[in-house]
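Thank you all for coming. I would like to take a few minutes on one metal site, so please have a look at the sequence and the structure first.

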Amino acid sequence: MVDSLKKPTFEEIRPGVKTPAKETILTPRFYTTDFEEMAKMDISPNEDELLAILEEFRIDYNRHHFVRDEQFDKSWDNIQGETRQVFVEFLERSCTAEFSGFLLYKELGRRLKDKSPVLAECFNLMSRDEARHAGFLNKALSDFNLSLDLGFLTKSRKYTFFKPKFIFYATYLSEKIGYWRYITIYRHLEQHPEDRIYPIFRFFENWCQDENRHGDFFDAIMKAQPQHLNDWRAKLWCRFFLLSVFATMYLNDIQRSKFYASLGLDAREYDIHVIEKTNETAGRVFPVTLDVNHPEFYDRLDACVKNNEKLTEIVNSDRSKFVQLLQKLPLYASNAWQLLKLYFIKPLDAVEAQGQAR
Ligand SMILES: [Fe+2]
Ligand SMILES: [Fe+2]
């Protein structure tokens, strides 16, 4: 049990350098892709929009935004116990996710440089933004006497290979969901300044505009590749990515409700809002969206939350590995079943709405 009055201790690889959180299916992923295929991509069907986005990236609206001011110059020892624990976890998770974006975009910028200069420059400028975001979060960790060794993370993490079209679906959604997550926290704290227990949240308004622009870039790329959006496979894959992104966030956040509570937010309500908004946004480019108002949608996700709580309890028990495995299997099966049932909830057609909007 965590003593709510004391400073929690974290495992460190060196003094002050936090051991990265264990990789699980729910931790932020690092990606790599087929750079050749990406370089060969013809972007001419939507080149004008991509050039307009590149122009926006070049303007660099947030050039002077990420500067730590005097509000950070104090001791944060008033944030203690479990709140400190969940706070550090939030900063680490966010920093890792931003850094994973940086690595992927940087590599894409490098590999496409001579073959697809417009895309290469876009990726480079997005990696500039993500580096700032990750750096700012890592600096925030130092207020809690910790930091992440990003070089170590680069070398030690496993990279998931995705073909370009899957990179587009996944990164588009992670940018847009990132936008909605940041702006929702920002708007809430604007209404309830007494809950702003740490100054980083004041930066979220301009910050999330970076994520929004990044999302728009992937929206434009997908529109340049309509074959990834208009057949039955695209529909199945878009459903898959929407569900995996929503389910991952929901399971993570409900498990960390204490973090949201420390900001005066209800994690479940927060997630429902973010899912609703991201789903709606995705309907501007994806051919389908999920029926998130279906009566079973959150019931099934909540069943997964319960299963995960039991799984954690089993892993932390002192039963033998074999007994643990036997106890875990039905819970895994139940999670798989719930997710399968969620996947097969009839999706909503977004193409018609897109036609009307045009
Ligand atoms: Fe970012
Ligand atoms: Fe981003």
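When I say donors, I mean N, O and S atoms within 2.8 Å of the metal (3.2 Å for Na, K and Ca), and since water is not among the atoms, sites may look incomplete. This is a predicted model, in which local features need pLDDT of at least 70 and side-chain atom pairs count only at pLDDT 80 or more, while totals for chains, interfaces and linings use all residues. Residues are numbered from 1 along each chain as its sequence is written, chains are lettered from A and ligands numbered from 1 in the order in which they are written, and side-chain values use heavy atoms, with hydrogens and water left out.

Let me begin with the iron ion (ligand 2), whose donors along the chain follow the spacing E-x44-E-x35-E-x2-H. E130 lies in helix α4 (residues 117–142) and E175 in helix α6 (residues 164–191), so this pair ties together parts that are 45 residues apart in sequence; helices here are DSSP runs of H or I with at least four residues, numbered from the N terminus. The coordinating atoms, at 2.0 to 2.6 Å, come from E130 (OE), E175 (OE, listed twice), E211 (OE) and H214 (ND1).

Now to the iron ion (ligand 1), which is coordinated at 1.9 to 2.2 Å by E98 (OE), E130 (OE), H133 (ND1) and E211 (OE). The two iron ions, ligand 1 and ligand 2, are 3.4 Å apart, and E130 coordinates both.

Finally, E130 has 2% relative accessibility and therefore counts as buried, which means under 20% relative accessible area with a 1.4 Å probe and protein chains only. E175 is buried too, at 4%.

How values were computed
Helices (H or I, at least four residues) and strands (E, at least two) are DSSP runs, numbered from the N terminus. Buried means under 20% relative accessible area, exposed over 50%, partly exposed in between (1.4 Å probe, protein chains only).
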